[in-house]
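Open the model in your viewer and keep the selection panel at hand. The stops below follow one another; select, look, move on.

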Amino acid sequence: QEHKFWETQPVGQFKDLGDSSFPEGPIEQPTPLSEVKQEPYNLPTLYEWTVCDMDSDEICNEVYVLLTNNYVEDDDNLFRFNYSKEFLRWGLRPPGYFKNWHIGVRVKSSKKLVAFITAIPVKMRVRDEVVQMAEVNFLCVHKKLRSKRLAPVMIKEVTRRIHLENIWQAAYTAGILLPTPLTTCQYWHRTLNPKKLIDVGFSRLGDRMTMSRAIKLYKLPNSTATPGFRKMEIRDVPKVTILLRGYLSRFVVAPTFDDAEVAHWLLPQENVVDSFVVENSETREVTDFFSFYTLPSSILNNPNYSTLKAAYTFYHVSTKTPLLQLTQDALVIAKQKEFDVFNALDVMENEPFLKELKFGRGDGQLYYYLYNYRLRESLKPSELGLVML
Ligand SMILES: COc1cccc(CC(=N)NC(=O)c2cccnc2OC2CCNCC2)c1
């Protein structure tokens with residue numbers, strides 16, 4: 001059973017680790033579109049495929065309810081991701097998206113939505129090659145249908161639909177170890193609301209730490225420190241695009257963003273994504289940028305709280321303002337907006353500020369994977385410039 005499915009897929013296999021005889025690049029060559037399976041894979045008899053039109057309030061709500069009750073939980077099953085409807089619409093409809101890559105599974109008789117998987121297109125640079133890829137995300141099977149081996153057929157079906165668009169590579173993340181990680185990231189949390197985090201079991205009071213000591217330790221200024229730090233606006237898009245493209249060129253694997261993509265992913269949207277620029281008041285130059293996305297978690301079985309309000313670092317660039325100060329200002333904003341915790345991965349150049357700004361190591365890893373693309377060796381997190389939702 002050990003990775004029975006993944007041993008059949010064009011992904012780096014554990015047994016090939018260290019075997020540097022393999023060239024870097026695609027594992028399998030593209031097949032002619034006429035040879036790609038034209039009809040959907042077979043589901044178990046009682047189930048049928050459906051396309052989830054995220055523009056439809058009703059269908060978007062069905063997806064929201066499925067994920068709210070059945071998506072990823074932390075290792076101690078205290079929390080479950082609670083992506084909002086407006087977040088899902090944002091995350092699944094970037095420029096150039098394909099509606100039929102938002103794939104659902106319904107019970108034929110009741111039409112109940114019981115599983116979901118998605119992909120969106122992304123131009124990914126790997127070293128100095130730009131490869132058209134798909135980002136696969138939101139794989140979710142209803143708790144009552146686990147171990148029916150639905151996930152493998154859903155992965156094959158989304159792969160088939162991606163192949164039909166002549167795209168042969170993909171990127172995905174998971175909290176579990178599969179063959180074979182592109183990189184293994186550590187997640188970190190910066191406490192903003194110590195009392196609530198301790199009450200819900202997200203954090204523990206250290207031995208010599210009293211609650212009042214914890215509140216003092218994580219206190220933040222009431223206002224940001226950087227002159228010219230302000231919310232991003234549509235007029236900033238061209239300059240932020242130049243900043244971001246320049247910054248991401250430093251990493252071995254990173255997405256490429258054009259203006260339209262920067263506008264989609266980074267213009268502020270209430271309860272979805274917050275973005276800030278630092279504009280020099282004399283030169284009018286935009287020198288820095290910071291963004292985080294809003295991903296609450298349901299708190300399972302707590303008498304006093306139902307939701308953990310969490311911010312996740314997204315993309316940022318610092319050319320003039322030290323990243324430490326930029327991040328501190330983002331923490332101040334997050335606190336003002338009543339977030340309980342600010343999460344980050346040790347990707348890009350995050351690690352140095354994590355320790356300095358009183359982030360604590362999370363108790364899990366996030367693994368990044370490439371589909372049908374081999375790198376001679378896995379990357380350090382600091383070599384990765386990709387943040388997934
Ligand atoms: C606090 O509530 C949680 C609810 C479910 C799972 C986890 C732990 C976890 N698995 N966290 C992460 O994967 C994570 C931690 C820091 C930053 N980004 C992350 O994941 C992002 C990116 C991958 N897709 C989910 C969101 C926490």
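Contact here means heavy atoms within 4.5 Å. Keep in mind that this is a predicted model.

**Stop 1: Thr 256**

Select Thr 256. It sits in the loop between β9 (253–255) and α7. Which residues does Thr 256 touch, not counting those up to four places away in sequence? Lys 123, Arg 125, Val 130, Arg 245 and Glu 261. Now add Val 130 and draw a C-alpha to C-alpha distance. Thr 256 and Val 130 are 126 residues apart in sequence, but 8.1 Å apart in space.

**Stop 2: His 264**

Move along to helix α7, residues 259–266, and pick His 264. Is His 264 buried or exposed? Buried means under 20% relative accessible area. His 264 has 16% relative accessibility, so it counts as buried. Show its side chain. It reaches the backbone oxygen of Trp 90 at 2.8 Å. Beyond its neighbours within four places in sequence, His 264 is in contact with Trp 90, Arg 93, Pro 94, Pro 95 and Gln 269.

**Stop 3: helix α2**

Follow Trp 90 into its helix. Select residues 85–92, which form α2. Why is α2 described as largely enclosed by the rest of the structure? Because six of its eight residues are buried. Colour them: Phe 87, Leu 88, Arg 89, Trp 90, Gly 91 and Leu 92.

**Stop 4: the largest nonpolar core**

Trp 90 also leads to Phe 314, since the two are in contact. Select Phe 314 and Tyr 315. The largest nonpolar core has 73 residues, and these two touch the most other members. Expand the selection around Phe 314. Setting aside neighbours within four places in sequence, its contacts include the aromatic residues Trp 90, Trp 265, Phe 292 and Tyr 293. Leu 266, Val 273, Ser 291, Met 348, Val 387 and Leu 389 are also in contact with Phe 314. Another core lies apart from this one. It has 32 residues, among them Phe 5, Val 11, Ala 119 and Tyr 369.

**Stop 5: the ligand**

Leu 389 is the link to the next stop. Select the ligand and show what surrounds it. There are 18 residues, and the closest are Phe 79, Tyr 83, Tyr 187, Ser 297 and Leu 389. How much of the ligand's accessible area does the protein cover? On its own the ligand has 590 Å², and the protein covers 92% of that.

Colour the shell by residue class. It divides into 14 nonpolar, two polar and two charged residues. Then look at two polar pairs:

- An N or O atom in the side chain of Ser 297 is 2.8 Å from an oxygen atom of the ligand.
- A backbone N or O atom of Leu 389 lies 3.1 Å from a nitrogen atom of the ligand.

**Stop 6: backbone exceptions**

Switch to backbone geometry. Most residues other than glycine have a negative phi, and most peptide bonds are trans. Three places depart from that pattern.- Asn 77 has phi near 50°. Its place is the loop between α1 (57–70) and β2 (79–81). Asn 77 is partly exposed, with a relative accessible area of 44%.
- Arg 149 has phi near 60°. Look for Arg 149 in the loop between β5 (129–141) and α3 (150–163). Its relative accessible area is 48%, so it is partly exposed.
- The peptide bond from Pro 179 to Thr 180 is cis, with omega near -25°. Thr 180 is in the loop between β6 (169–174) and β7 (183–191).

**Stop 7: Arg 160**

Go on to helix α3 and select Arg 160. It is a charged residue, yet Arg 160 counts as buried, at 6% relative accessibility. What does its side chain reach? A polar atom of that side chain lies 2.9 Å from the backbone oxygen of Lys 37. The side chain of Arg 160 also makes a polar contact with the side chain of Glu 157, at 2.7 Å. Not counting residues up to four places away in sequence, Arg 160 touches Val 36, Lys 37, Gln 38, Glu 39, Pro 40 and Tyr 41.

**Stop 8: Ile 59**

Finish in helix α1 with Ile 59. At 18% relative accessibility, Ile 59 counts as buried. Leaving aside its neighbours within four places in sequence, its contacts are Cys 52, Asp 53 and Arg 106. Add Leu 113 and draw one last distance. Ile 59 and Leu 113 are 54 residues apart along the chain, and their C-alpha atoms are separated by 9.2 Å.

Technical notes:
Residues are numbered from 1 along each chain as its sequence is written. This is a predicted model: local features need pLDDT of at least 70, side-chain atom pairs count only at pLDDT 80 or more; totals for chains, interfaces and linings use all residues. Side-chain values use heavy atoms; hydrogens and water are left out. A nonpolar core is a set of buried Ala, Val, Leu, Ile, Met, Phe, Trp, Tyr and Cys residues joined through side-chain atoms within 4.5 Å. Buried means under 20% relative accessible area, exposed over 50%, partly exposed in between (1.4 Å probe, protein chains only). Helices (H or I, at least four residues) and strands (E, at least two) are DSSP runs, numbered from the N terminus. A polar contact is a pair of N or O atoms within 3.5 Å; within protein, one must be able to donate a hydrogen and the other to accept it, and residues adjacent in sequence count only if both atoms are side-chain atoms. A residue is near a molecule or strand if one of its heavy atoms lies within 4 Å of it. Accessible areas come from the Shrake-Rupley method with a 1.4 Å probe; for residues, only the protein chains shown count as cover.
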